[in-house]
Amino acid sequence: MKKYYVFILLSFISFNNLLVAQTNELNILSESIFIIDGHTHHGFPSLDSSEVMSEMKYLRTLGYNAIVHELPIERSETDDLYKRVSNELFRLEELSENNEFFEITKYPKSFSEVPESEKIHCMFAIEHFRGSIFNEDTSIIRKYGELGVQYITLVNTEYDRLFTTSNDISVLSKFGKEVIDKMNEIGISIDISHMSEEDMLEVITYSKSPVIASHSSGAEISLSEDNLSNKVLYQLKENRGLVLLSFRQNRLFNTDDKIEDGVEKFIDHVDYLKSIIGINKIGIGTDIQANGKYMASGLSHEQTFQNIANALSKRGYTQAEIEKIFYKNYLDFVNKN
Ligand SMILES: [Zn+2]
């Protein structure tokens, strides 16, 4: 009988130790975690100073340290995109001077180590479907590079004629190949999110540099048109490409899924991608819009990243793996390409 008590006492002590160890681990996560959102529409709702400041303040409460924002901000117009992107960047640089909330980071190598700064590091990419990004001239790509553009989302539209058809199959056009060659040469990454499967495969196979899918998820888990098929994921693995997982409801869930908390579903996608392309090639690209519109439940409030970290930890992910997903993989990708 006495032995039995001792056993219960020992079990109680070790259970308590386990709890303490687990609580400590979660605290470490919340203190040292650094978050890069590689695809967001938050942060710059307009070029108005007070709107930008209040958005940046809000992003800090969500725990962000760095974002990649999509330009141009005004997305409905089609004319002279280079001029609009460069004007917007110039204005945003002006706004960033002497303010306490954000700074423009053209070259993320400058923060490959977690910085002390409380400010949000803002980087930029181009995503636009209503006008010509390249204007039939690949020399413009160097100019985008000089502006600090991280990646460009390529899309099969009439504007840039990057694709043509051969025997009813969509293939890269001569100009499309020239654009990819130039982006590879300058070091601007190619974003394949939003393409059809056959166009994704064309681009991944042709590109010499690793490509990025900046706001997609796994089609095997949810069949959204923006998600990546297994064929694409295997090709991406060969290409050493990076996938940033979206927080959007329609990419995380199938329409007939019972809609539950987005955190667990997000981690289903992480698990699946890890099993195919490996832990080093997964990041976060929420595609979050103002007011959390289109986001899955549980993925647009102050505790979101802490909850994701806790849930990953519960599924056996180590702190080192969580840091990779939250920011290290993105920095690694940018620094190597
Ligand atoms: Zn998009």
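1. Let me start with a loop residue. Arg 161 counts as partly exposed because it has 15 C-beta neighbours inside 10 Å. The scale here runs on C-beta atoms placed from the backbone: 20 or more others within 10 Å makes a residue buried, 12 or fewer makes it exposed, and anything in between is partly exposed. Arg 161 sits in the loop between β5 (149–153) and β6, and its phi is near 45°, a positive value in a residue other than glycine.

2. A word on what you are looking at. This is a predicted model, in which local features need pLDDT of at least 70, side-chain atom pairs count only at pLDDT 80 or more, and totals for chains, interfaces and linings use all residues. Residues are numbered from 1 along each chain as its sequence is written. As you will know, pLDDT is the predictor's confidence in each residue, from 0 to 100.

3. On confidence, the chain averages a pLDDT of 87, and 88% of the residues score at least 70. Among the elements, strand β11 (residues 282–284) has the highest mean pLDDT, 98, and helix α1 (residues 2–32) the lowest, 46. Over residues 1–24 the pLDDT is below 50, and this stretch has 0 contacts in the model beyond near neighbours in sequence. Contact here means that the C-beta atoms of two residues, placed from the backbone, lie within 7 Å.

4. For the overall make-up, the chain has 11 helices and 11 strands. These are DSSP runs numbered from the N terminus, with helices being H or I over at least four residues and strands E over at least two. Of the 337 residues, 40% count as buried. Among contacts between residues at least 6 apart in sequence, 74% join residues at least 24 apart.

5. Now the interior. The largest nonpolar core has 83 residues, and Ile 120, Ile 152, Ile 190, Val 203 and Val 243 touch the most other members. Such a core is a set of buried Ala, Val, Leu, Ile, Met, Phe, Trp, Tyr and Cys residues joined through C-beta atoms within 7 Å. Helix α11 (residues 319–336) gives the largest share of this core, 8 residues. Leaving aside neighbours within four places in sequence, Val 243 is in contact with Ala 213, Ser 216, Leu 228, Leu 236, Leu 273, Ile 277, Lys 281 and Ile 282.

6. Helix α6 (residues 197–206) deserves a look. Asp 199, Met 200, Glu 202, Val 203 and Ile 204 are buried in this helix. Their cover includes β6 (163–166), β7 (169–172), α5 (174–186), β8 (189–191) and α7 (230–239).

7. How do α6 and α7 meet? Their axes come within 10 Å and cross at roughly 10°, which makes α6 roughly parallel to α7. The contact is made by Glu 197, Met 200, Leu 201, Ile 204 and Thr 205 of α6 and Lys 231, Val 232, Gln 235, Leu 236 and Asn 239 of α7. By class, these are 5 nonpolar, 3 polar and 2 charged residues. For the geometry, axes are lines fitted to C-alpha atoms, for helices over the stretch in contact, and angles run from 0 to 180 degrees between N-to-C directions. Angles under 35 degrees count as roughly parallel, over 145 as roughly antiparallel, 65 to 115 as roughly perpendicular and the rest as oblique.

8. A second helix pair: α3 (residues 81–96) and α4 (residues 139–147) pack at an angle of about 10°, with their axes 11 Å apart. These two are therefore roughly parallel as well. Tyr 82, Val 85, Ser 86 and Leu 89 of α3 meet Ile 140, Lys 143 and Leu 147 of α4. This contact divides into 5 nonpolar, 1 polar and 1 charged, where nonpolar covers Ala, Val, Leu, Ile, Met, Phe, Trp, Tyr, Cys and Pro, charged covers Asp, Glu, Lys and Arg, and the others, Gly among them, are polar.

9. Some backbone details to check by eye. Most residues other than glycine have a negative phi, and most peptide bonds are trans. Arg 240, in the loop between α7 and β10 (242–245), has a positive phi of about 60°. The peptide bond from Leu 71 to Pro 72 is cis, with omega near -5°, and Pro 72 lies in the loop between β2 (66–71) and α3.

10. Finally, Glu 302 lies in the loop between β11 and α10 (304–314) and counts as exposed because it has 11 C-beta neighbours inside 10 Å. Glu 302 and Arg 60 are 242 residues apart in sequence, yet 9.2 Å apart in space, C-alpha to C-alpha.
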